[in-house]
Amino acid sequence: MKTRSFLHERNFMILLSGVFINGIGAGVYAVSGMLLVLYLSGNVFYSGLAYFAVTLANALAFLIAPFARYVTYKKGLIVCEVLKSALLFTLPLFYATIGLNVYYVITLLFAVSLLAKFTYPIESTIMPIIVGKENIIKANAYLQTVREGMGIAFVAGAGVLVAFIGPVQAILITAVCHLLSSLTYTLFRFRQNTVPQDRQGMKQSVVAYKTDLKAGMTYISQSLIPKMIGSIIFINMALGVMVPNLPAFTLMKGNSEAIYGFYLAGLSLGVMIGTLVTPKVKECRFGLLTVIGFSSTGIAWLGTAFLPVYFSLPCFCIGSIAIGIFNILIFSSIQQQVEEAMIGRVVTVLSSAAAVGVPVGSLMGGALGSTFTPVLPVAFCGIAMLLFSASWLVHPVLRKLPAIEKASLFVQKQVQSQSV
């Protein structure tokens, strides 16, 4: 009997629709948010401060996400989308009435990013429920392809849009998209999680929260992830150095807001290409694939820093391919190898730990870009990718990792199943 494709599942199509709608808004938001900070402040340092706020939310995700267990998956997704929409609507409202302050914009960027960290583990958890564990890699690749495809189309267009109507007016589009996605998620029909019914006091809630958090940390500590985390933190710090400088860097390269959109579109295109080829390369040795992939990223991004825009932009795109492959393989291994009850906590702890370096890097990047030139942080990021690749090459365990589906990153599950 032929197995029904996950593409025919109602809930997957609803999730895909939400991703499509948010992809429109995210493309506009990615360009307009950072440009708005640069316009209000006129200083790259504040771009670094804004990216620090956004990435600090990523690092604090482990403090927020465990509370997701106290709402159903569906309700959590809907409410967070509505809240993000409401916050973003305040930007054009204040701009038209009392005026905008750069510190308010930075605070709002932090709040919106924090809300996204609440929904991320929910989305990670419902995916195996919707498509089944056997379809995880294909479903993630499909979803990520759509997400990055939206990024390419709408980020590139957003640069032109911002140049014509301004960043504040463009953010209004993102606010509407979040509202529409919340309405889309009301159509979900799948098995919901059991929410604790007893009204615990604050002390009991804190105890339960600490238990959940500790369980996620313990699960990860008994896996291969700790051997990877140091190098992952390092490259995230390097990305934190580079990203706040991209608005100023691209304005230097092309002297137009549209060029910033093209560079972000190039980043999305590279990640999408990586996503598309992931099912083809998943049988390759994961350790060797990582070494070769990030060596290519380092060389390409050094070209991005120093070559003219017509060569710099393709180099930036090519350098992003390895990131798309790495993210899908690691994420899919979590969904395949970790039991459902632990997926949200493991994803949250891992993403928070990996994101620790980004806020530090963003402050460094803002200082470097404002003191010297935005070219320097981009070059630094290219060198960091080469060092990341070298660290995996010299580490015997990481270098010899087999294909991701055979790597058994989360050995705790195997131990538990063997003891039953």
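Colleague: Leu363 caught my eye. What does Leu363 count as, buried or partly exposed?

Modeller: At a relative accessibility of 31%, Leu363 counts as partly exposed. Keep in mind that this is a predicted model.

Colleague: Thanks! Which helix is Leu363 in?

Modeller: Leu363 sits in helix H16, which covers residues 357-371.

Colleague: And which residues is Leu363 in contact with, leaving aside its neighbours within four places in sequence?

Modeller: With those neighbours left out, Leu363 is in contact with Gly48, Leu49 and Phe52. Take Phe52: it is 311 residues from Leu363 along the chain, yet the two C-alpha atoms are separated by 6.3 Å.

Colleague: Let me zoom out. What does the secondary structure of the chain come to?

Modeller: The chain has 19 helices and zero strands.

Colleague: And how much of the chain do buried residues make up?

Modeller: Of the 420 residues in the chain, 54% are buried. On the outside, the chain exposes about 17,900 Å², and carbon and sulfur atoms supply 69% of that area.

Colleague: What share of the contacts with a separation of 6 or more comes from residues 24 or more positions apart?

Modeller: That share is 88%. The pairing of Leu363 with Phe52 is one you can look at, with their positions 311 residues apart along the chain.

Colleague: Now the inside. Which residues in the largest nonpolar core touch the most other members?

Modeller: Those are Met228, Phe286, Trp301 and Trp392, in a core of 83 residues. Trp392 touches Met228 and Phe286, and its other partners include Phe326, Leu398 and Arg399, not counting residues up to four places away in sequence. There is also a second, separate core of 23 residues, and Phe12, Val19, Leu77 and Ile122 are among its members.

Colleague: You mentioned Trp301. Which residues is Leu267 in contact with, leaving aside neighbours within four places?

Modeller: Good link, as Trp301 is one of them; Phe316 and Ser320 are the others. Leu267 lies in helix H11 and counts as partly exposed, at 27% relative accessibility. Its C-alpha is also 8.4 Å from that of Ile321, a residue 54 places away in sequence.

Colleague: Anything else on H11? Is Ala265 buried or exposed?

Modeller: Ala265 is buried, with 7% relative accessibility. Ala265 is in helix H11 too, which spans residues 257-281. Between the C-alpha atoms of Ala265 and Cys317 there are 8.2 Å, while the two residues are 52 apart along the chain.

Colleague: Thr275 is in H11 as well. What is the relative accessible area of Thr275?

Modeller: The value is 0%, so Thr275 is buried. Beyond its neighbours within four places in sequence, Thr275 is in contact with Ala141, Gln144, Thr145, Gly324 and Ile328.

Colleague: There's another threonine I noticed, Thr174. Where is Thr174 found?

Modeller: Thr174 is in helix H7, residues 167-185. Thr174 is buried, at 1% relative accessible area.

Colleague: And what does Thr174 touch, not counting residues up to four places away in sequence?

Modeller: Gly25, Val28, Tyr29 and Leu88. With Tyr29 there is a polar side to it: the backbone nitrogen of Tyr29 is 3.5 Å from a polar atom of the Thr174 side chain.

Colleague: Over to the surface. Which residues form the nonpolar patch there?

Modeller: Val82, Phe89, Leu172, Val176, Leu179, Leu180 and Leu183, and together they have about 530 Å² of accessible area. Helices H4 (73-96) and H7 each supply at least two of the residues, and H7 gives the most, with five. Val82 is in helix H4 and is partly exposed, at 36% relative accessible area.

Colleague: What about charges? How many salt bridges does a search of the whole structure find?

Modeller: The search finds one. Side chains of opposite charge can pair when their charged atoms come close. Here the side chains are those of Glu81 and Lys84, at 3.0 Å from N to O.

Colleague: Why are Glu81 and Lys84 separated by about one helical turn?

Modeller: Because they are three residues apart in helix H4.

Colleague: Last one: is Glu81 buried or exposed?

Modeller: Glu81 counts as buried, at 3% relative accessibility. Lys84 is buried as well, with a relative accessible area of 6%.

How values were computed
Residues are numbered from 1 along each chain as its sequence is written. This is a predicted model: local features need pLDDT of at least 70, side-chain atom pairs count only at pLDDT 80 or more; totals for chains, interfaces and linings use all residues. Side-chain values use heavy atoms; hydrogens and water are left out. Helices (H or I, at least four residues) and strands (E, at least two) are DSSP runs, numbered from the N terminus. Buried means under 20% relative accessible area, exposed over 50%, partly exposed in between (1.4 Å probe, protein chains only). A polar contact is a pair of N or O atoms within 3.5 Å; within protein, one must be able to donate a hydrogen and the other to accept it, and residues adjacent in sequence count only if both atoms are side-chain atoms. Contact means heavy atoms within 4.5 Å. A nonpolar core is a set of buried Ala, Val, Leu, Ile, Met, Phe, Trp, Tyr and Cys residues joined through side-chain atoms within 4.5 Å. Patches are made of residues with over 30% relative accessible area and no salt bridge: like charges are joined within 9 Å, nonpolar side chains (Val, Leu, Ile, Met, Phe, Trp, Tyr) within 5 Å. Accessible areas come from the Shrake-Rupley method with a 1.4 Å probe; for residues, only the protein chains shown count as cover. A salt bridge is a side-chain nitrogen of Lys or Arg within 4 Å of a carboxyl oxygen of Asp or Glu.
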